Amino acid sequence: MKRSATLVLITIICAAYLVQLLIPNLEQQLFLIKEAFLNDGQIHGTARGEWYRLLTVALTHGGIFHLGFNMYALMVLGNPIEAAFGKEKFLAIFFLSLLSGSLVSNYFAAANQPSVGASGAVFGLFGAMAVVGRKIGADIRSIAVIVGINFAFGFALGGVDWRAHLGGLIGGAIASTLLLRQKR
């Protein structure tokens, strides 16, 4: 039986969340931060060369509901995008979206402002879905509405890294556009 890359990502992210519940301060070694003193009394972050944080941020979440919403969105968006592009190209879209979301967040956020979650990658899948929908002539207004509502919630609730969402959305749209051109 062929394993879905979407399901594998969900499993890895959920397992990482559970491990972080068992190991104190592990989340601090994984979340995205530019530069800050953490619980070990040392300065950490991407400004200190910890570039792995641009990717490991997806393994951290701000609670079970944050994890649940992200994993549900990953399942709903990931499965059709993986079916449309194939496993390898889906993974390329996911990781390029994650990376672009993290880079935008890291560049524009305050130095000591941590960011957690796979939302940048998930928003990248929204971007990919919009590009594919537009390519096949589908009405993509519903995708635009969902993205708009999510951005509105992000601004209204506070504490939501809209920069990662925006960077991921752009990254996913660009990655899927390039992959569709490559298909020709």
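A residue counts as buried when its relative accessible area is under 20%, as exposed when that value is over 50%, and as partly exposed in between. Keep that scale in mind as we walk through this predicted model, because isoleucine 23, with a relative accessible area of 42%, lands in the partly exposed class.

Isoleucine 23 is a good place to start. Look for it in the loop between α1 (5-22) and α2 (26-30). Together with Leu18, Val19, Leu21 and Leu22, Ile23 makes a nonpolar surface patch of about 510 Å². Another member of that patch, leucine 18, sits in helix α1. Leucine 18 has 52% relative accessibility, so it counts as exposed. If you want a landmark from elsewhere in the sequence, try threonine 60: it is 42 residues away from leucine 18 along the chain, yet the two C-alpha atoms are 9.8 Å apart in space.

Now for the salt bridges, of which the structure holds three. One of them brings together the side chains of glutamate 35 and arginine 48, at 2.8 Å from N to O. This pair ties together distant parts of the chain, 13 residues apart: glutamate 35 belongs to the loop between α2 and β1 (36-37), while arginine 48 belongs to the loop between β2 (43-44) and α3 (53-56). How much of each partner is open to the outside? Glutamate 35 has a relative accessible area of 31%, so it is partly exposed. Arginine 48 is partly exposed as well, at 48%.

The bridge between arginine 53 and glutamate 50 has its closest N and O atoms 2.7 Å apart. Are these two buried or exposed? Arginine 53 shows a relative accessible area of 0%, which means it is buried. Glutamate 50 comes out at 14%, and so it is buried too.

That leaves aspartate 161 and arginine 163, whose salt bridge has a distance of 3.7 Å between the closest N and O atoms. Both of these residues are buried.

Finally, let's look for empty space. Searching the whole structure turns up one cavity of 30 Å³ or more, and the volume of the largest cavity is about 40 Å³. Which residues line it? On one stretch of the numbering you'll find Leu32, Ile33 and Lys34, and further along come Ser105, Asn106, Ala109, Ala110 and Gln113. By character, that lining splits into four nonpolar residues, three polar ones and one charged.

How values were computed: Residues numbered from 1 in each chain as written. Predicted model: local features only at pLDDT ≥ 70, side-chain atom pairs only at ≥ 80, totals over all residues. Heavy atoms only, no water. Patch = residues over 30% accessible without salt bridge, like charges linked within 9 Å, V, L, I, M, F, W, Y side chains within 5 Å. Areas by Shrake-Rupley, 256 points an atom, 1.4 Å probe, with all protein chains shown as cover. Salt bridge = Lys/Arg side-chain N within 4 Å of Asp/Glu carboxyl O. Helix = DSSP H or I, 4+ residues; strand = E, 2+ residues; numbered from the N terminus. Buried < 20%, exposed > 50% of the residue type's maximum accessible area, 1.4 Å probe, protein only. 1 Å grid on protein atoms, 1.4 Å probe; cavity = no way out; pocket = protein on both sides within 12 Å on 5 of 7 lines; lining within 4 Å. Points joined across faces, edges and corners; volume = space filled by probe spheres on them. Nonpolar A, V, L, I, M, F, W, Y, C, P; charged D, E, K, R; others polar.
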